[in-house]
Amino acid sequence: MTKLFKFFLVCFLVVSQLNFAQAQETQKTFDFTQTSNQLSQMEQNLKSGDYKLQTIDENSAFLNNLTSILQSIKKENEKELKTVQKQLEALGAEPEEGTIELDELAKKRQEFKNNLAVLTNKIAETDLLQVKIDELNILILNSRNQKLIGSLVNRQSMFIEPQTFILGIKSLISFFWDIAKSPVVWYNVELNEQAKTYVLSYITPIFFILIVAFWLGLLLKRLILTNLGYRQDIENPRYGQKIMASVFVAVAYGVIPSLIIGSFLLWLIGTKIFTIGFFGRILNSALFYLLYVILAKAIARVTFAPYNEKWRLMNVSTPKATAILKSLNLSIVLIGIVSFFEHIAVNASYPQDLLNILTIIACAVKSFVIVLLVGRIFNQNQDDAKKTAECKPDDESDDEGISSSTKIVLSTAFVCFITFGISIFGYPELSEYILNRIILSAVIFCAFMIIHRLLSEVLRRVLLLGFWGKTFKIRRKVLTKVNFGLNLILNPLIALAFIFTILNLWGLSGDFLIHITKKVLFGFKVGGVEISLIAIVLGIVVFFGSLAIVKMARNHLTNNVFAKLNMDDGIKHSLSSGIGFVGFIMSVLLAIIAMGADLTNLAVIAGALSVGIGFGLQNVINNFVSGIIILFERPFKVGDWVILDNQEGTIKQINIRSTELETFNKTSVIIPNATLLSSSIINMTHDNNWTRKAVKVSVAYGTDVNKVTNILLECAKNNKKILKTPAPYVLFQDFGANSLEFELRCYSKNIWEGWSIPSDLRYEINKRFIEEKIEIPFQQLVIHRGDKVASETQFYAHKEEE
């Protein structure tokens, strides 16, 4: 492990040095004037309109590369500028008039000033070029949109016009007739006698080989499905197992037939005879789209797995999965057929009228497919809702009108109808563009859902490895929290990747998206302040990572180092808490450094924070400082028995902001540190765990007081929990109204055992008093009635009968 770490460290240092050397070389050879002229020429070409989409993409890539170079040059120049400024500050202030400065110092000062002016000019030129690049990026975006939209909104003849409709139908009939007669024309007209002989001699062996290949494919398919496909003995397969099994099933149902057809297609292309003429285009295109249909159906099958619910990649019910798969298979076949005809017409250079009517037919088919699939997806939800409604009594049935599923289906049908209508009214390319993007967006969405679940499963399985517990002693609970945190990071990244893909799919340039993403992630200015989301995220990661390392180090010291030292537990906890406080402060500083903040401006930051502290953070900082004072002054420590106002219990934990007090009925009281520091606290175990206990005893008048004293002292001496030194003693406290009052006082070295001492003593005293026939009197009350005196004794126990 150590060797691997050293290897990666050496590689990192080498790469860093190479990047630094490359940056230095780029800075020396970079020509600002030439670059500015190139940008001006690019701007002229874009404004003139004499460009192609490929040229726009090349210009965008050039600008992105140039932005990276300029950022690198600016950083190097800013570093050198700070160095020169420090050198000037080291020389001190310029001498006043009439004061002579040494020639060597004067030369150095002038040299530094010249360097400062040159670096300032370079930084200004870099900023000007960056502004020019930003303007060109906007111009490129507008130019690309004009090219894209211009090709889509080129209006054709409206299909609903009678002349256009009749001409389109004739072209369509002629097109299908050409396809039907293409094999005859190919064989009789386009092939010579030698080629005909070749075809007749090879056609029978080829069909035989295809039959054998398909038979072997079926055997291989069964072998794969039996050994590597869905295993029924696994009750709850993991998502990773589902993916692996789906891959093998897709190979069995799709890849093997595709390899056979693809091999046949390559053989046809290799012979060059079957690529001759219009029939050659039809044959090759048919095989190509057949490959598409087979692979697409195989992927759909393994995604919804209609006959293996527990191996299904999408969480849908079996009836819904079956209905969706049937609709998907039909949709794949229909889209494959119309795409095949469009491909043939384009490659054979048929007139625009035919292309328009084929595009309109394709739009109709794709609109139908979208509505069909959406209806299948939401149909099961509607059926379930109807079954639920039927189970309710008539008086409880809800009449909410149109369900949400029906609204979604109707909205989809309306959008598809409008999009198809666009094709009829002269914009078939725009209509097909929108429908294709809708279908591809749905496919990409499903793919990202599967990728998201797969990555989450892989991440969870990696964190569940025993390696983390054995090597780093990380508990399962901590790994669960890490998994949750990593998923919080993973989910937004996948969402951003999905949004990026969808925007690129709908026509927004990938280069422009990358440029915008870099701007947002790596830095943009708001009111002169540069904000970088990457730096912010890095700072947050560094902060929590540092806190985790500090916590691990603190736990290691507490459990392994402090546990072996002969010191008080309170001191150990104070040291542990102090390490936590210092680690928190260091984590904050490291996070600030990771965000790119300049620590030389720390005084300004502290001044700005003091304003906030004076208002909203006053109580927080007050409690924080009070916590530090408590740790150093130690008026109490963890485990102490304290009494605060009406709360009594033990100190369980001293945190940054508050202290946790656990009462003796096992309830936790969270007390702010400032309150503890400003209040009077009774600490029962501040210096030691000694405690004094007292037991009050009353005896009847006439009892021998010396005898009572001796009995009390004997009871105390016989108790092993009571200290011999200081010795227990008895106080004759008072002549009570009904009894003689005594108090036995004794000491214990463990306050936590003191709970039972008074109880034990009372048991023993009661036993001895009974043996010695010493009476414990009850309260007496004398009532005067006129000239008669009646004496009546009230007992707290039952009255003895005379």
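Which helix is serine 285 found in? Serine 285 sits in H8, and the legends below start with the whole chain before moving to that helix and its neighbours.

**Figure 1. The whole chain, as a predicted model.** Before zooming in, here is the overall tally: the protein chain has 22 helices and twelve strands. It runs to 802 residues, and buried residues make up 33% of them. If you look at contacts between residues at least 6 apart in sequence, 70% join residues at least 24 apart.

**Figure 2. Helix H5 packs against helix H8.** H5 covers residues 162-190 and H8 covers residues 277-304. Their axes are 7 Å apart, and the packing angle is about 125°. An angle of that size falls outside the ranges for roughly parallel, roughly perpendicular and roughly antiparallel, so H5 and H8 are oblique to each other. The crossing of this pair is left-handed. On the H5 side, the contact is made by Asp178, Ile179, Ser182, Pro183, Trp186 and Glu190, and on the H8 side by Gly277, Phe278, Phe279 and Ile282. Sorted by class, that contact has six nonpolar, two polar and two charged residues.

**Figure 3. Serine 285, a buried residue of H8.** Staying on H8, this view picks out serine 285. Is serine 285 buried or exposed? Serine 285 has a relative accessible area of 7%, which is under the 20% cut-off, so the residue counts as buried. Leaving aside residues up to four places away in sequence, serine 285 touches Phe340, His343 and Ile344. Helix H9 spans 318-347, and Ile344 turns up again in the next view, as one of the H9 residues that meet H5.

**Figure 4. Helix H5 crosses helix H9.** The axes of H5 and H9 come within 12 Å and cross at roughly 90°. That makes H5 roughly perpendicular to H9. Phe175, Phe176 and Ile179 from H5 meet Phe341, Ile344 and Ala345 from H9. What classes of residue make up the contact of H5 with H9? There are six nonpolar residues, with no polar and no charged ones. Ile179 of H5 also takes part in the contact with H8.

**Figure 5. Alanine 305, with a positive phi.** Alanine 305 belongs to the loop between H8 and H9. Most residues other than glycine have a negative phi. For alanine 305, however, phi is near 35°, a positive value in a residue other than glycine. This alanine counts as buried, at 3% relative accessibility.

**Figure 6. Lysine 666, another positive phi.** Here the loop is the one between strand S5 (658-663) and strand S6 (668-672), and lysine 666 lies in it. Although lysine 666 is not a glycine, its phi is positive, at about 65°. Is lysine 666 buried or exposed? With a relative accessible area of 64%, lysine 666 is exposed.

**Figure 7. Helices H11 and H12 side by side in sequence order.** H11 takes in residues 404-424 and H12 residues 428-463. Their axes come within 6 Å and cross at roughly 155°. Since angles over 145 degrees count as roughly antiparallel, H11 is roughly antiparallel to H12. The crossing of H11 and H12 is left-handed. Thr419, Phe420, Ile422 and Ser423 of H11 meet Pro428, Leu430, Ser431, Ile434 and Leu435 of H12. By class, the residues of this contact divide into six nonpolar, three polar and no charged.

**Figure 8. A cis peptide bond at proline 726.** Most peptide bonds are trans. The bond from threonine 725 to proline 726, though, is cis, with omega near -5°. Proline 726 is found in the loop between helix H21 (705-717) and strand S9 (729-735).

**Figure 9. Arginine 768 and its contacts.** Arginine 768 is placed in helix H22, residues 756-771. How accessible is this arginine, and what does it touch? At 15% relative accessibility, arginine 768 counts as buried. Residues up to four places away in sequence aside, arginine 768 touches Ile711, Glu714 and Cys715. The side chains of arginine 768 and glutamate 714 are joined by a polar contact of 2.9 Å. Isoleucine 711 is 57 residues from arginine 768 along the chain, yet their C-alpha atoms are separated by 7.2 Å.

Definitions and conventions:
Residues numbered from 1 in each chain as written. Predicted model: local features only at pLDDT ≥ 70, side-chain atom pairs only at ≥ 80, totals over all residues. Heavy atoms only, no water. Axes fitted to C-alpha atoms, helices over the stretch in contact; angles between N-to-C directions. Helix = DSSP H or I, 4+ residues; strand = E, 2+ residues; numbered from the N terminus. Parallel < 35°, antiparallel > 145°, perpendicular 65-115°, else oblique. Left-handed = near helix turned anticlockwise from the far one by under 90°. Contact = heavy atoms within 4.5 Å. Nonpolar A, V, L, I, M, F, W, Y, C, P; charged D, E, K, R; others polar. Buried < 20%, exposed > 50% of the residue type's maximum accessible area, 1.4 Å probe, protein only. Polar contact = N/O pair within 3.5 Å; in protein donor to acceptor, adjacent residues only side chain to side chain.
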